[in-house]
Amino acid sequence: MIIVMKLGVEQSQVQETIDRIKELGFNTHLSQGQNRTIIGIVGDVSSIDESEVERLRATPYIEEVVRVSKPYKLVSRDFNKEDTVIKVNGIEIGGKKIVVMAGPCSVENKDQILNIAREVKKSGATLLRGGAFKPRTSPKDFQGLGEEGLKFLLEAKEETGLPIVTEVMDTRDVELVSEYADILQVGTRNMQNYALLKELGKIDKPVLLKRGMWATLKEFLGAAEYILAGGNQNVMLCERGIRTFSDFTRNTLDLSIVPVLKAESHLPVIVDPSHGTGRRDIVKPMALAAIACGADGLTVEAHTNPQKAISDADQTISTADLHSLMGEIKYISRMFGRDI
Ligand code: PEP
Ligand code: MN
């Protein structure tokens, strides 16, 4: 249930409302936007009877009381009408500007990530991505450099100023990864790792939550809800392709979810055309289409020598192609009232 306060409500009235809810035995979640103050009631509110709801509705400084039947509340537009804008080292994600996270699938060695980071910087992309902990289909495949990889990412950040996005796969690594990363990525395979999501709810670093390759809209937003319910409001939703019968791509990039996510949720939406297609030849058109349908940013795998990439070579574009992609992103962003 959410309580929308009237415009110009006083702090004491907000507190009075919170106290009333607490007396009913519930915790609250406060969202104070520029224009609106909204109080969310946390927990199973079915025990709150209609007469109590009517009393709340009749309160002069309360605009409306809405029973939200959706399984997600904190992530929903009902709860926060304004777009959430996440600030990372001076970069705003979810604002007017389109953000581009670019870099290799895996951090392979120091020279590789430094060279790629320099090119990413020159291209005008805003963040550096790269995996140090890699979720691989076979245990025999390269599993990532672990903490050494995080150190290389940090060196690349120190030299270029690009903030770092990197994956965390295990609850035991959340503390370590958050020491290095500016944004922690949850990969597709871990979208429903609720223990991990709960840990990420406790930190204050932003989280890039990738959609499970099987996940419905409800499951995806439910996963994000776990992180927000834990107290971390800084979550980005990332569409990265889903499994379908289609056999010409690795995954089917479900761009139709982008405008739906923007309507259903206030969180920024990022699109990954690399994992979403598995094919470097179609990364560019899908990246541009993602901006056209309302995404707030992209995450793109790029490498100075894509053919030699240890992981996901087939979908990795060259840093030269990243440069030209950035030019086209700039063009299309402006067409849709955005900027880069
Ligand atoms: C990645 O970003 O390198 C990655 C492993 O992504 P996903 O979890 O979407 O497969
Ligand atoms: Mn990858």
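**Note on the predicted structure**

1. Phe336 is placed in the segment that follows helix H10 (319-335). The structure discussed here is a predicted model. Phe336 has a relative accessible area of 42% and is therefore classed as partly exposed. Together with Tyr331 and Met335, Phe336 makes a nonpolar surface patch of about 380 Å².

2. The next point concerns ligand 1. Thirteen residues, given as 13 in the count, lie around ligand 1, and those that come nearest are Arg129, Gln185, Thr188, Lys210 and Arg240. A polar side-chain atom of Arg129 is found 2.7 Å from an oxygen atom of ligand 1. For Arg240, the distance from a polar side-chain atom to an oxygen atom of ligand 1 is likewise 2.7 Å. His275 also places a polar side-chain atom by the ligand, at 3.3 Å from an oxygen atom of ligand 1. On its own, ligand 1 has 290 Å² of accessible area, and the protein covers 97% of that area.

3. How many disulfides does the structure hold? The number is zero. Cys238 takes part in no disulfide, and the nearest cysteine sulfur, which belongs to Cys293, is 13 Å away. Seen from Cys293, the closest cysteine sulfur is that of Cys238, and the separation of 13 Å is too far for a bond. The cut-off that matters here is a sulfur-to-sulfur distance within 2.5 Å. As to their surroundings, Cys238 is buried, with a relative accessible area of 0%, whereas Cys293 is partly exposed at 24% relative accessibility.

4. Salt bridges form the next topic. Side chains of opposite charge can pair when their charged atoms come close. A search of the whole structure yields 24 salt bridges. One of them joins the side chains of Arg36 and Glu63, at 3.8 Å from N to O. This pair links distant parts of the chain, since Arg36 belongs to the loop between strand S2 (27-32) and strand S3 (37-42) while Glu63 belongs to strand S4, and the two are 27 residues apart. Arg36 is partly exposed, its relative accessible area being 27%. Glu63 also counts as partly exposed, with a relative accessibility of 41%.

5. Two further pairs deserve mention. The side chains of Asp141 and Arg136 meet in a salt bridge of 3.9 Å, N to O. Asp141 counts as partly exposed at 32% relative accessibility, and Arg136 counts as partly exposed at 25%. In the other pair, the side chains of Arg172 and Asp170 form a salt bridge with an N to O distance of 2.6 Å. Is Arg172 buried or exposed? Arg172 has a relative accessibility of 70% and therefore counts as exposed. Its partner Asp170 is partly exposed, with a relative accessible area of 21%.

6. Salt bridges also occur as a network. Glu50, Glu54, Arg57 and Arg67 are linked in this way.

7. Phe79 lies in the loop between strand S4 (62-66) and strand S5 (86-88). With a relative accessible area of 3%, Phe79 is buried. Along the chain, Phe79 and Met1 are 78 residues apart, yet their C-alpha atoms are separated by 9.3 Å.

8. His266 occupies the loop between helix H8 (257-264) and strand S13 (269-271). Which backbone oxygen does the side chain of His266 reach? The side chain of His266 reaches the backbone oxygen of Leu74, at a distance of 2.7 Å. His266 counts as buried because its relative accessibility is 4%, against a limit of under 20% for that class.

9. Asp254 is located in the loop between strand S12 (235-239) and H8. Its relative accessible area is 16%, so Asp254 is buried. Asp254 and Pro273 are 19 residues apart in sequence, and the distance between their C-alpha atoms is 9.9 Å.

Terms used. Residues are numbered from 1 along each chain as its sequence is written. Chains are lettered from A and ligands numbered from 1 in the order in which they are written. This is a predicted model: local features need pLDDT of at least 70, side-chain atom pairs count only at pLDDT 80 or more; totals for chains, interfaces and linings use all residues. Side-chain values use heavy atoms; hydrogens and water are left out. Buried means under 20% relative accessible area, exposed over 50%, partly exposed in between (1.4 Å probe, protein chains only). Patches are made of residues with over 30% relative accessible area and no salt bridge: like charges are joined within 9 Å, nonpolar side chains (Val, Leu, Ile, Met, Phe, Trp, Tyr) within 5 Å. Accessible areas come from the Shrake-Rupley method with a 1.4 Å probe; for residues, only the protein chains shown count as cover. A salt bridge is a side-chain nitrogen of Lys or Arg within 4 Å of a carboxyl oxygen of Asp or Glu. Helices (H or I, at least four residues) and strands (E, at least two) are DSSP runs, numbered from the N terminus. A residue is near a molecule or strand if one of its heavy atoms lies within 4 Å of it. A polar contact is a pair of N or O atoms within 3.5 Å; within protein, one must be able to donate a hydrogen and the other to accept it, and residues adjacent in sequence count only if both atoms are side-chain atoms.
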